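Trainee: Got a minute? I'd like to go through this structure with you.
Mentor: Sure, pull it up and ask away.

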Amino acid sequence: MTVASSAAKRYAEAVFSLGKAQDTLDAWSHDLRLLSEVVAGGQVAVYLTNPSVAMERRIEALDASLGANVQPEARNLVRMLIERNRTMLIPRIREMFDAQLLAERGIVVAEVTTAEQLTDAEQDFIRQKLERITGRQVELAMKIEPDIIGGVIVRIGDQVVDGSVRNKLEKLRSRLVAGGR
């Protein structure tokens, strides 16, 4: 784990702990999403990381761009990150926080890769199958990769089920090569 990832993890854990203690997990989820969007905006991100801009100016700029849309604790987090020149961690903090929130709520994320966009009915079918298999509520993260030709690749955590046509063709090719020798 890199130093930045390690730091982001510590911040995410602290935020999650605070949110759980204060029953503000949903507010934190909203605030971190908003903060990620603000710092991802090209000009704002450059301004917030510019060492020639006084720290107070950077804090004021971020406060102004947030308006009244975030809780005071989120503002404190941002101030701390600006002071420590770590605003670039905000998107990673959000990812880690979201993962903890889903785990807390018993939801597992399944990354589903298909060759083309699935209909809502097809996505519901896959979700229901995965929920039966895992025994947990499943949230789908859809990804399209035309290279797989057809079928589905599902990744949940470190488990992968590759039911793609490309994978089946590669296995067939391997058997044909092995059988020919």
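Trainee: How do the axes of helix 2 and helix 4 cross, and how close do they come?
Mentor: This is a predicted model, so keep that in mind. In it, the axes of helix 2 and helix 4 (residues 55-66) come within 11 Å. They cross at roughly 120°.

Trainee: What do we call helix 2 and helix 4 relative to each other?
Mentor: Oblique. Angles from 65 to 115 degrees count as roughly perpendicular, and those over 145 as roughly antiparallel. The angle of roughly 120° fits neither range, so helix 2 and helix 4 are oblique to each other.

Trainee: Is the crossing of helix 2 with helix 4 left-handed or right-handed?
Mentor: Helix 2 passes helix 4 in a right-handed crossing.

Trainee: Which residues make the contact?
Mentor: From helix 2, Leu-34, Leu-35 and Val-38. From helix 4, Leu-62, Ser-65 and Leu-66. By class, the contact of helix 2 with helix 4 has 5 nonpolar residues, 1 polar and no charged.

Trainee: Now helix 2 and helix 6. At what angle do their axes cross?
Mentor: Roughly 155°, and the axes come within 9 Å. That makes helix 2 roughly antiparallel to helix 6. The cut-off for that label is over 145 degrees.

Trainee: And which hand does the crossing of helix 2 and helix 6 have?
Mentor: That crossing is left-handed.

Trainee: Who's in the contact on each side?
Mentor: Helix 2 gives Leu-25, Trp-28, Ser-29, Leu-32, Arg-33, Leu-35, Ser-36 and Val-39. Helix 6 gives Ile-90, Pro-91, Ile-93, Arg-94, Phe-97, Asp-98 and Leu-101.

Trainee: How many of the residues between helix 2 and helix 6 are nonpolar, polar and charged?
Mentor: There are 10 nonpolar, 2 polar and 3 charged residues in that contact.

Trainee: What about helix 1 and helix 2?
Mentor: Their axes come within 8 Å and cross at roughly 140°. Helix 1 and helix 2 are oblique to each other.

Trainee: Why oblique and not roughly antiparallel?
Mentor: The antiparallel label needs an angle over 145 degrees. Roughly 140° falls under that cut-off, so helix 1 and helix 2 count as oblique.

Trainee: Which residues touch there?
Mentor: Val-15, Phe-16, Leu-18, Gly-19 and Lys-20 come from helix 1. Leu-25, Trp-28 and Leu-32 come from helix 2. The split is 6 nonpolar, 1 polar and 1 charged.

Trainee: Switching to salt bridges. How many does the structure hold?
Mentor: The structure holds 9 salt bridges. One of them pairs Lys-20 with Glu-104, the closest N and O atoms being 3.2 Å apart. That pair links distant parts of the chain. Lys-20 is in helix 1 and Glu-104 in helix 6, 84 residues apart.

Trainee: How exposed are Lys-20 and Glu-104?
Mentor: Lys-20 is partly exposed, at 46% relative accessible area. Glu-104 is also partly exposed, at 40%.

Trainee: Which partner does Arg-33 have?
Mentor: Arg-33 forms a salt bridge with Glu-37, with the closest N and O atoms 3.4 Å apart. Both sit in helix 2, 4 residues apart, so about one helical turn separates them. Arg-33 is partly exposed at 32%, and Glu-37 is partly exposed at 45%.

Trainee: And where do Arg-127 and Asp-124 lie?
Mentor: Both lie in helix 7 (residues 120-134), 3 residues apart, about one turn of the helix. Their side chains meet in a salt bridge, 2.6 Å from N to O. Salt bridges with shared partners also join Glu-111, Lys-143 and Glu-145 into one network.

Trainee: Last topic, loops. Where is Thr-87, and is it buried or exposed?
Mentor: Thr-87 is in the loop between helix 5 and helix 6. Its relative accessible area is 4%, so it counts as buried. Leaving out residues up to four places away in sequence, Thr-87 touches Val-39, Leu-48, Thr-49, Leu-81 and Ile-82.

Trainee: What's the phi of Asp-23?
Mentor: Near 55°, a positive value in a residue other than glycine. Asp-23 is in the loop between helix 1 (3-21) and helix 2 (25-40). Asp-23 is exposed, with a relative accessible area of 70%.

Trainee: And what is the phi of Asn-85?
Mentor: Positive, about 55°, although Asn-85 is not a glycine. Asn-85 is in the loop between helix 5 (72-83) and helix 6 (90-104).

Conventions. Residues are numbered from 1 along each chain as its sequence is written. This is a predicted model: local features need pLDDT of at least 70, side-chain atom pairs count only at pLDDT 80 or more; totals for chains, interfaces and linings use all residues. Side-chain values use heavy atoms; hydrogens and water are left out. Helices (H or I, at least four residues) and strands (E, at least two) are DSSP runs, numbered from the N terminus. Buried means under 20% relative accessible area, exposed over 50%, partly exposed in between (1.4 Å probe, protein chains only). A salt bridge is a side-chain nitrogen of Lys or Arg within 4 Å of a carboxyl oxygen of Asp or Glu. Axes are lines fitted to C-alpha atoms, for helices over the stretch in contact, and angles run from 0 to 180 degrees between N-to-C directions. Angles under 35 degrees count as roughly parallel, over 145 as roughly antiparallel, 65 to 115 as roughly perpendicular and the rest as oblique. A crossing is left-handed if the near helix is turned anticlockwise from the far one by less than a right angle, and right-handed if clockwise. Contact means heavy atoms within 4.5 Å. Ala, Val, Leu, Ile, Met, Phe, Trp, Tyr, Cys and Pro count as nonpolar, Asp, Glu, Lys and Arg as charged, and the others, Gly among them, as polar.
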